[in-house]
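Student: I would like to take a close look at one part of this structure, and then to see how the other local features can be described alongside it.

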Amino acid sequence: SASMSSSLALLFVITGTAHWLICAVHGSCKWTVDQHTLDLTCAEGRKLTTTDEKLPPHTFTFTLCSNGDTCSGTSVMAKQLTTDGKSCYNIGTWKASIQPNYVSEDGGSWTFVYDTGSADCGTPARTWNPTFKCDTATEFSLGIVSESSPGSCVYEVIIRSKYACTGNTECASSGGSNSNSSSESTGLSDGSIFLIVLFCALLTYCIVGYIVMAKKYNTEGGFKDCKNNIPNKQLWIVCPKLVWTGCVVTKEHSMRYINRCRGKLGDGYTEPMADNDDYQ
C-alpha cells in the first residue's frame with residue numbers, strides 16, 4: 001500500500017542517516033599507500049595531548065580517527081585551548097576520506113592535512129597537520145606543535161610511533177582492540193553510538209509514521225485512533241511469524257547440508273521436512 005511504501009522509504013532514509021552519523025563519528029583508522037599500510041585501529045579514539053612553544057603555552061588535544069572531543073559545543077578531532085584554558089579553537093574535524101602522504105625514509109612517515117577546522121582564520125580553515133614518524137621504541141610520543149608560518153593557522157606536529165614503521169602489523173595482530181591503557185577515556189564506544197542512533201531512528205520512525213497515518217491515511221480516526229495509526233501495522237503483526245518461518249527454513253537447510261557432509265544422504269536417511277503448519 002501507499003502508506004507502507006512511504007513508511008518503508010522513511011525507515012530506509014533513517015537507517016541511511018544512522019549509518020552516516022556513525023561513520024561521521026568513527027571511521028576507518030587504516031590507510032594504504034603504495035602497498036604500505038598505516039594501521040591505527042587498535043588506537044582509534046585515543047586522546048593525545050601536547051603543547052606549543054609559546055609562553056605560556058597553549059594546550060592541544062588530538063583524538064585519533066574520531067571526533068571524540070568537543071569545542072564550543074561542536075564535536076572535533078583536534079582543538080587548541082587558550083592559555084587560560086577557558087575557551088578553545090576547532091583546528092580539525094575527522095574526515096575518513098583524507099589520505100596521508102607516505103615517505104619511506106627513516107623507517108616510514110605519514111603526513112595528514114586536515115583542513116577541516118573553524119574558518120575564523122580565513123582560507124584555508126584552521127588546519128591540523130600531524131606527521132606520524134617511525135619510532136620502534138614508543139607507542140605514541142607527541143612533539144611540540146608549531147605553526148607552518150606565523151598566523152597561518154596551520155598546526156604541525158610530529159608524532160613518533162611504532163605503528164608508523166613500514167611493515168608494522170601490531171594493530172592487526174591485536175584484533176583492532178583499543179585498551180586505552182595510557183590514555184584518557186574517549187567517551188562512547190561504537191556499540192553505544194549505534195544503540196543510541198538506532199533508538200533515535202526507531203523513535204523518529206514511530207512518531208513521523210504515526211503523524212503521516214493520522215493526517216493522510218486515517219483522517220476519519222485522526223490522532224485519537226492509536227490502533228490504526230501504527231505505521232506498517234500489518235508488517236509488524238506478521239513479523240514474528242516470518243522470523244519463525246525463516247528460522248525453521250534455515251534449520252532445515254543447515255541439517256541437509258550437515259547430513260550431506262556426513263554422508264548420510266542416499267543411505268536410507270530421510271531428509272527432515274518441516275511441518276506445513278510452520279509456514280502458515
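Student: What volume does the second largest pocket have?

Tutor: In this predicted model, the second largest pocket has a volume of about 200 Å³. Of the 14 residues that line this pocket, those closest to its centre are D52, K54, S146, E147 and Y155. Taken by class, the lining is made up of six nonpolar, three polar and five charged residues.

From the pocket we can turn to the backbone, beginning with the cis peptide bonds. The bond that runs from L55 to P56 is cis, with omega near -10°, and P56 itself sits in the loop between β3 (47–51) and β4 (59–63). A cis peptide bond is also found from T123 to P124, where omega is near 0°; P124 has its place in the loop between β10 (109–111) and β11 (127–134).

Two residues other than glycine deserve a look for their positive phi. For S72, phi is near 55°, and this serine belongs to the loop between β5 (69–71) and β6 (74–76). S72 has a relative accessible area of 68%, and because exposed means over 50%, this residue counts as exposed. For D106, phi is likewise a positive value, near 55°, and the residue lies in the loop between β9 (101–103) and β10. D106 has a relative accessible area of 73%, so it too is classed as exposed.

The interior offers another kind of detail. The largest nonpolar core holds 32 residues, and among these W31, F62, W128, F132 and F140 touch the most other members. At least two residues of this core come from each of β1 (30–33), β4, β11 and β14 (154–161), and β14 gives the most, with three residues.

F140, one of the core members that touch the most others, can be followed through its contacts, leaving aside neighbours within four places in sequence. On that basis F140 is in contact with L40, A43, R46, L48, L64, F132, I159, R160, S161 and Y163. The list includes F132, which is itself named among the core residues that touch the most other members, and it also includes I159, R160 and S161, whose numbers fall within β14 (154–161). The contacts of F140 further include R46 and R160, two residues of the charged class.

Note on methods
Residues numbered from 1 in each chain as written. Predicted model: local features only at pLDDT ≥ 70, side-chain atom pairs only at ≥ 80, totals over all residues. Heavy atoms only, no water. Helix = DSSP H or I, 4+ residues; strand = E, 2+ residues; numbered from the N terminus. Buried < 20%, exposed > 50% of the residue type's maximum accessible area, 1.4 Å probe, protein only. 1 Å grid on protein atoms, 1.4 Å probe; cavity = no way out; pocket = protein on both sides within 12 Å on 5 of 7 lines; lining within 4 Å. Points joined across faces, edges and corners; volume = space filled by probe spheres on them. Core = buried A, V, L, I, M, F, W, Y, C linked by side-chain atoms within 4.5 Å. Contact = heavy atoms within 4.5 Å.
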